[in-house]
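Work through the exercises below with the structure open. Each task is followed by its solution in steps.

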Amino acid sequence: MALLLAAALALSSCTPGQYQIGSRTFSFPFGDSSPQQQAQPIPMQQGGMMPMPVAAGPSESFGRGPVKVALLLPLSGDPGTASVGMALANASKLAIGFIEANPNIAENITITLRDTGTSIEGATSAASAAVSDGAKLILGPLRADQVTAAGAVARSAGLPLIGFSNNPNAAAPGVYLLSVLPDAEMKRSLAYVRTQGKRGIAGIFPNSEFGQAQQAAFRQQAAVAGYQPQAVYGFTSAGEIPQIIGQALPLIQSGVIDTLFLPDRASAPGFAAALQQAGVAPGRVLLVGSADWQGDMAILQSASLSGAVFPSVDDGGLNAIRGEYQARFGTQPHPLSTIAYTATILANVNTLSMANPPYNQTLLISATGFNGRDGVFRFLGNGRSEYGLVVKKIATGGAVMVDGVKL
């Protein structure tokens, strides 16, 4: 049985195999023998609440349903991280408001928001409090180390957790990640690269934990797509950019490398500029980024990255809730807000929340998948997720979609 998320006005009107995301329709194959499903995108938000100390108890509860769901987010500590946590909390509120305002949707859940701060201890404390309070599902936290810590508490209590980190190392059976992960990004990007007739791929990755996860995904998905990377480079600081470009230059000039993956958004403009300074003409090498590039103005306004492509969720979902979010919270939604909105709607789905037991793994890892504000996705048994992604190209004034949604 297909398990669907509300994407438009009436969840109850969606039938198995039908996926709505905003006002557009896409086709997605799910499973080995399923017919193509139709899909369309959704919107998102951000806002402000006063930070509260870790382990001070629930900051707020919203929703009127019988099933308790915990939402763990950083609402205190580092101001930048806390502002993202507050944005996600606001997005969850907006989703609850959507549920309450729609007579066709049952009100199944009550969300209890708990502050994790930015520490592992804070995440552990918040998860333990959620378990003691009788939560049947935990949503969040945001950072990978906090997801791992809270996930350990949830698993010991037999509860599923749906975290918001994009680091695949935080995933585990019963600990699911709702963000777009490197595997999904690389799979989608490599499929597009192949349609462009490119054959010589290479990648440059930071020597960080997440950079290593990106590199591993690049190698694995390249092998699946039938590619043998011509070179893979690692770096620790921006000072190494000239040296790495110097090593790659002979392979580029000889045509051995015609595509270069630069998923790290912080360093991508520097590598692209160094290529041009080394005499590599624009367009000689196809530059490929990551979903992290989405909305990054330093990326979108970089002249050296003009023509580069990157995978992305369809931003119709974010745009669809932008107006309501701004009207309610007085600010623009953070790009990650769609994740919390999706998680909240997902938690309320009848077939998940009212199951016995609620949110059991068989239902969560349905091959049919779900539909959320960022499009169609599905959870895998190892806790990772797969998304339907578009490919965008950097052009004057921003980015334009050059290839539609594919899973």
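**Exercise 1. Arg64 and its partners**

Is Arg64 buried or exposed?

Solution. This is a predicted model: local features need pLDDT of at least 70, side-chain atom pairs count only at pLDDT 80 or more, and totals for chains, interfaces and linings use all residues. Residues are numbered from 1 along each chain as its sequence is written, and side-chain values use heavy atoms, with hydrogens and water left out.

Step 1. Fix the classes: buried is under 20% relative accessible area, exposed is over 50%, and partly exposed lies in between (1.4 Å probe, protein chains only).

Step 2. Arg64 has 57% relative accessibility, so Arg64 counts as exposed.

Step 3. Look for a partner. Arg64 and Glu107 form a salt bridge through their side chains, at 2.8 Å from N to O. The term requires a side-chain nitrogen of Lys or Arg within 4 Å of a carboxyl oxygen of Asp or Glu.

Step 4. Place the pair. Glu107 sits in the loop between helix H1 (79-101) and strand E5 (109-115), and Arg64 in the loop between strand E3 (60-62) and strand E4 (67-73); 43 residues separate them. Helices (H or I, at least four residues) and strands (E, at least two) are DSSP runs, numbered from the N terminus.

Step 5. Classify the partner. Glu107 is partly exposed, at 27% relative accessible area.

Step 6. Extend the network. Shared partners join Arg64, Glu100 and Glu107 through salt bridges.

**Exercise 2. Two further salt bridges**

Describe the pairs Arg114 with Asp133 and Arg188 with Asp403.

Solution. Step 1. In the salt bridge of Arg114 and Asp133, the closest N and O atoms are 3.7 Å apart. Arg114 belongs to strand E5, and Asp133 to the loop between helix H2 (120-132) and strand E6 (137-139), 19 residues apart.

Step 2. Arg114 is buried at 7% relative accessibility. Asp133 is partly exposed at 28%.

Step 3. Arg188 and Asp403 meet at 2.9 Å, N to O. This pair links helix H4 (residues 182-195) to strand E18 (residues 398-406) across 215 residues. Both of these residues are buried.

Step 4. Put the pairs in context: the structure has twelve salt bridges.

**Exercise 3. Helix H9**

Where is the kink in H9 centred?

Solution. Step 1. H9 covers residues 316-329, 14 residues in number. Its first and last C-alpha atoms are 20 Å apart, close to the expected 20 Å. The expected span is 1.5 Å times one less than the number of residues.

Step 2. The kink is centred on Arg322 and comes to about 40°. The bend at a residue is the angle between axes fitted to the seven residues ending there and the seven starting there.

Step 3. List the buried residues of H9: Gly317, Leu318, Ile321, Tyr325 and Phe329. An α-helix has 3.6 residues a turn, so residues three or four places apart point the same way.

Step 4. Find the cover. H1 and helix H10 (337-348) are among the elements that cover these buried residues. Contact here means heavy atoms within 4.5 Å.

Step 5. Step past the end: Gly330, just after H9, has a positive phi of about 75°.

**Exercise 4. Core and loop geometry**

Which residues of the largest nonpolar core touch the most other members?

Solution. Step 1. Define the set: buried Ala, Val, Leu, Ile, Met, Phe, Trp, Tyr and Cys residues joined through side-chain atoms within 4.5 Å.

Step 2. The largest core has 52 residues, and Leu139, Phe164, Leu178 and Tyr359 touch the most other members. H1 gives the largest share of this core, twelve residues. Another core lies apart from it, with 29 residues, including Phe235 and Leu262.

Step 3. Inspect Tyr359. It is not a glycine, yet its phi is positive, about 55°. Tyr359 lies in the loop between H11 and H12. Tyr359 is buried, at 2% relative accessibility.

Step 4. Check the cis peptide bonds. One joins Asn356 and Pro357, with omega about 0°. Pro357 lies in the loop between helix H11 (350-353) and helix H12 (361-364). Another runs from Gly140 to Pro141, with omega near 0°. Pro141 lies in the loop between E6 and helix H3 (144-156).
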